[in-house]
Amino acid sequence: MTKLIAGNWKMFKGQREAAVFCRELRDAELPADVDVVVCPPFPSLALAVQALAGTEIGVFAQNCHWAAEGAFTGEVSAPMLQELGVYGTLVGHSERRQWFGETDDLVARRVSACLEAGLHVIACVGETEAERDAGETHTVLRRQLAALEADDNLVVAYEPVWAIGTGRTATPETAEEAHERIKELLDVPVLYGGSVKPENAAELLAQPAVDGALVGGASLELASFAAICRAAAVAATV
Ligand code: PEP
């Protein structure tokens, strides 16, 4: 099965840097047998859509509101993103949950409205370190997934919070076990996220239940992002 590699730029790359990066990405000759997505911050979305037009690289937002329009200061809607040519969106990233109070209920509302509007969605789930230490990983995953329904345009990203931006990565076995659990609960592709780098991508992506990766830090440099995409292409052939 073709693997999906999504680069989450977080709050990095304004228009100028995004333009340079997208130009490099176009020229990088990424393998054809891997699906590639970038998730720029809102101000760089239109530029990324234009710069990557005619390529197979999809542009996703990092969040999206459930209403089409309204008095929701600081939010953007699915029709606004679609008007820009944006293909999909992340929802429920742990940084949204941790710093901006996103609850499972808000995440579920965002996911279903975005899918209904025709956007593709990568919905993020994952336990904190304290939850894993307390043996609550499966309970947390079940709770986070409870309000979601399988959909052809929905992908889940398993991102253990203790592995995001920390340099600590789940072992391939830990990731595989969590992915299998998620797939029992929701029949959708599951990406792994949490300090994926060129050095660990091959063994993580070789796991049968790992359908791709959501990459933060290592997606900001072309060399590391392209290396992860190449590892995904190789893993898909094994
Ligand atoms: C992320 O932002 O989704 C992520 C996984 O970040 P990092 O790869 O830097 O851990």
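Two strands count as paired here if DSSP finds at least two bridges between them. E1 and E8 clear that bar in this predicted model, pairing in the parallel sense over four bridges. One of the matched positions is Ala-6, whose bridge partner in E8 is Leu-214.

That pairing belongs to a bigger picture. The eight strands form a closed barrel, in the order E1-E2-E3-E4-E5-E6-E7-E8, with parallel pairing. Going from one strand to the next, the twist averages 25 degrees. Elsewhere in the barrel, E2 (residues 34-39) and E3 (residues 58-61) pair in the parallel sense, over two bridges. Here Val-37 stands opposite Gly-58 in E3. E7 (residues 190-193) also runs parallel to E8, and two bridges join them. In this case Tyr-192 is the residue that stands opposite Ala-213 in E8.

E8 itself (212-215) deserves a closer look. Gly-212 and Leu-214 point one way from the strand, while Ala-213 and Val-215 point the other way. On both sides the story is burial, as all four of these residues are buried. Leu-214, in strand E8, has a relative accessible area of 2%, and it therefore counts as buried, the cut-off being under 20%. Setting aside neighbours within four places in sequence, Leu-214 is in contact with Ala-6 and Asn-8, with Leu-90 and Cys-124, with Ala-157 and Glu-159, and with Leu-191, Tyr-192, Gly-193 and Gly-194. Ala-6 thus turns up twice for Leu-214, as a bridge partner and as a contact. As for Ala-178, it sits 36 residues from Leu-214 in sequence and 15 Å from it in space, C-alpha to C-alpha.

Now for the helices. Helix H10 (residues 222-237) lies across E1 (3-8), E2 and E8, and runs at about 165 degrees to E1. H10 also has a helical partner in H9 (198-205): the axes of H9 and H10 come within 9 Å and cross at roughly 20 degrees. That angle is under 35 degrees, so H9 is roughly parallel to H10. The crossing of this pair is right-handed. On the H9 side, the residues involved are Pro-198, Ala-201, Ala-202 and Leu-205, and they meet Ser-224, Ala-227, Ile-228, Ala-231, Ala-232 and Ala-235 in H10. By class, the contact of H9 with H10 divides into nine nonpolar residues, one polar and no charged.

The other helix pair is H7 (residues 137-145) with H8 (residues 172-185), which pack at an angle of about 40 degrees with their axes 10 Å apart. H7 and H8 are therefore oblique to each other. H7 passes H8 in a right-handed crossing. From H7, His-138, Leu-141, Arg-142 and Leu-145 make the contact, and from H8 it is Glu-177, Ala-178, Arg-181, Ile-182 and Leu-185. This contact of H7 with H8 has five nonpolar, one polar and three charged residues. Ala-178, already met above as a distance partner of Leu-214, is part of the H8 side.

A few loop residues are worth flagging too. Lys-13 sits in the loop between E1 and helix H1 (15-27), and has a positive phi of about 70 degrees although it is not a glycine. With a relative accessibility of 9%, Lys-13 counts as buried. Ser-195 is another non-glycine residue with a positive phi, in this case near 55 degrees. The place of Ser-195 is the loop between E7 and H9, and its relative accessible area of 15% makes it buried.

Ser-195 also shows up in the surroundings of Arg-168. Arg-168 lies in the loop between E6 (154-158) and H8. At a relative accessible area of 41%, Arg-168 is partly exposed. Not counting residues up to four places away in sequence, Arg-168 touches Glu-129, Trp-162, Ala-163, Gly-194 and Ser-195. Gly-194 is also listed among the contacts of Leu-214. Gly-70, in turn, is 98 residues from Arg-168 in sequence and 40 Å from it in space, C-alpha to C-alpha.

Conventions
Residues numbered from 1 in each chain as written. Predicted model: local features only at pLDDT ≥ 70, side-chain atom pairs only at ≥ 80, totals over all residues. Heavy atoms only, no water. Axes fitted to C-alpha atoms, helices over the stretch in contact; angles between N-to-C directions. Contact = heavy atoms within 4.5 Å. Parallel < 35°, antiparallel > 145°, perpendicular 65-115°, else oblique. Left-handed = near helix turned anticlockwise from the far one by under 90°. Nonpolar A, V, L, I, M, F, W, Y, C, P; charged D, E, K, R; others polar. Buried < 20%, exposed > 50% of the residue type's maximum accessible area, 1.4 Å probe, protein only.
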